[in-house]
Amino acid sequence: MQHATGLISIIALGLVCAFIGGMAAQRLRLPPLVGYLVAGIAIGPFTPGFVGDAALAAQLAELGVILLMFGVGLHFSVKDLMAVRTIALPGAVVQIAAATAMGAGLAAAFGWGLGAGIVFGLALSVASTVVLLRALEGRGLLDSDKGRIAVGWLIVEDLAMVLALVLLPALAPSLGGELPQGGDHAAGHAVAQGGASAYGLLTTLGLTLAKVGVFMAVMLIGGRRFVPYLLGLAARTGSRELFTLAVLASAVGIAFASSELFGVSFALGAFFAGMVLAESDLSHQAAADSLPLQDAFAVLFFVSVGMLFDPGILIREPLSVLGVLGVIVIGKSLAAIAIVLAFGHPVGTALTIAASLAQIGEFSFILAGLGISLKLLPEPGRDLILGGALLSITLNPLFFALAERIDAWLGERPDWRRRLERRGAVPPPVGGHEPGMRGHAVLVGYGRVGSAIAKALADWNLPYVVVERDRRRVEELRAEGVPAVFGDAAAPGILDAADIASAHLLVVATPDSHQGRRLLAKARGINPGIDSVVRTHSDAERRRLEEDGVGLVLMAERELALGMMTYALRSLGVREGEARLFVDTSRAESQVAPATEPEQPAPELRQRRDETE
């Protein structure tokens, strides 16, 4: 009964304190997760008052990581993973090597040995999947190309850390450490059999790679059929409880089985469970059913991190903490930017990846614990890692905001942007169509909105040229025979390459309203009589564009409201003609009425968006 009481107390205190901390952080305009971390510190062993069971909290947090990675897998198919392999795989490997070298150099400055430096550097090299997904979801980037690259990058990092966790015990004796107690670890067993020789190390490496390979094959071949079939059986019963249970059983059961049978991490097993289910039509309902538990246990993850942190390290060794923070947020970010640009991706993608990696999390804590158990990492190393994690997680939203500001600043300085991107891999030629096109549409942006417009134009056999900054999309469009121009539409020469001078229509399908105004000015400078349609998310910006004479400005929220208004009036008995007349009048009045609504979203909407940060 004592254990049950301990479990209930840590859940109750963790959630209550996290709620209080999250609300306080929200009032201070900080991310709620900062409040969750502070809540963990408050109930941890290094502060007075109630002390929670850190071991129980860590196990509950592991459930949150499992459910979160399952949700990622539901939105990240094998096709998406393969699509980013050319940048995610080499990029993650090079970035891990660079960050590990920086961390090892910092450890050498502390007077630690090579083994401590390797463990310390590896712990600083891997970012937190939980933090990354919260940041990408909160900014609507999870389904974007930037988000897919960032998630794919972290998946490769997680795979590398799985390999490191297996190999470290094998290497521990040669690095000045000790074998783990018990001998049940796969690597420890292999070394016990084969010694610390090269043969024993190669055997361990071979066994690890074989287990991971077999697991991936089982999931991608057998799991792709079995998991959707299992959920289909539950769905056909008509019981929502059974379906939800099937979802949770799949996520947690496969994660546990993958760890026990194949030696891979819980997170990786859950990710593949979600990925094989993503191709089923049940994936959306599965994601919805697992979301509440995912959120609750993710909160407990942050609380458990806070419980491990000794805030005294900030006073005892402030310079050391700053050094660690510098490696995490500056060293890793610069390395990521250089790598992404070297592969020919836009500056905006490089900045997003850099911000995504400017923090550390769950794998860092696991590596630190293993390093201490192997007598490789000294106790102060764990405190420095936890301090760096807490500070980097707290500062991470600021780095995303800084990345957006830098991207916008470079957008107004196309020469600088072009110089930076020119350092990367050779991009495809700017023009992707035969010159001399006339009376066509220039479509800027080929996301969800732009691709739908392009399809409609193609169905009517109307000529158009796509301008897109994503090189991969441009290459795909050209392979399909679609005229496409690679580059930032605001940069000099890009609109010229799309024959803007002879175009009839400019369609700005990107959500950046400020870019819309810049593009309109450039297009009119070349072709004064060009028609235009622009997308925006700001009512005030919509009015400015309409005052500038844009042919049509559409704000997603307003058009959604008008569409729902039409249906509501028809459903309640208003004749179709009268309903449409009323809606058209409302649309016209909104175009001339003074802007009275604030630029910021309503409080309830803002709160809902923050729930996924």
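**Aromatic pairs and helix H11**

Guide: In this predicted model, helix H11 is followed by Gly263, which has a positive phi near 75 degrees.

Visitor: How do you know that the span of H11 agrees with its 23 residues?

Guide: At 1.5 Å a residue, those 23 residues should span 33 Å, and the end C-alpha atoms of H11 are 32 Å apart, so the two agree.

Visitor: Which residues of H11 are buried?

Guide: Among them are Phe243, Ala246, Val247, Leu248 and Phe262.

Visitor: How many aromatic pairs are there?

Guide: The count is five. One of them joins Phe110 and Phe120, with 6.3 Å from centre to centre and 70 degrees between the planes.

Visitor: Why is the pair of Phe110 and Phe120 called edge-to-face?

Guide: Centres must lie within 6.5 Å to pair, and planes over 60 degrees apart count as edge-to-face. The values here are 6.3 Å and 70 degrees, so the pair is edge-to-face.

Visitor: What makes this pair a tie between parts of the chain?

Guide: Phe110 is in the loop between helix H5 and helix H6, while Phe120 is in helix H6, so the pair ties together parts 10 residues apart in sequence.

Visitor: Why is Phe120 called buried?

Guide: Buried means under 20% relative accessible area; Phe120 has 0%, so Phe120 is buried. Phe110 has 27% and is partly exposed.

Visitor: Why is the pair of Phe215 and Phe262 called tilted?

Guide: Tilted covers planes that are neither under 30 nor over 60 degrees apart. The planes of Phe215 and Phe262 stand at 50 degrees, with the ring centres 5.5 Å apart, so this pair is tilted. The pair links Phe215 in helix H10 to Phe262 in helix H11, 47 residues apart.

Note on methods. Residues are numbered from 1 along each chain as its sequence is written. This is a predicted model: local features need pLDDT of at least 70, side-chain atom pairs count only at pLDDT 80 or more; totals for chains, interfaces and linings use all residues. Side-chain values use heavy atoms; hydrogens and water are left out. Rings of Phe, Tyr and Trp (its six-membered ring) pair if their centres lie within 6.5 Å; planes under 30 degrees apart count as stacked, over 60 as edge-to-face and the rest as tilted. Helices (H or I, at least four residues) and strands (E, at least two) are DSSP runs, numbered from the N terminus. Buried means under 20% relative accessible area, exposed over 50%, partly exposed in between (1.4 Å probe, protein chains only). The expected span of a helix is 1.5 Å times one less than its number of residues.
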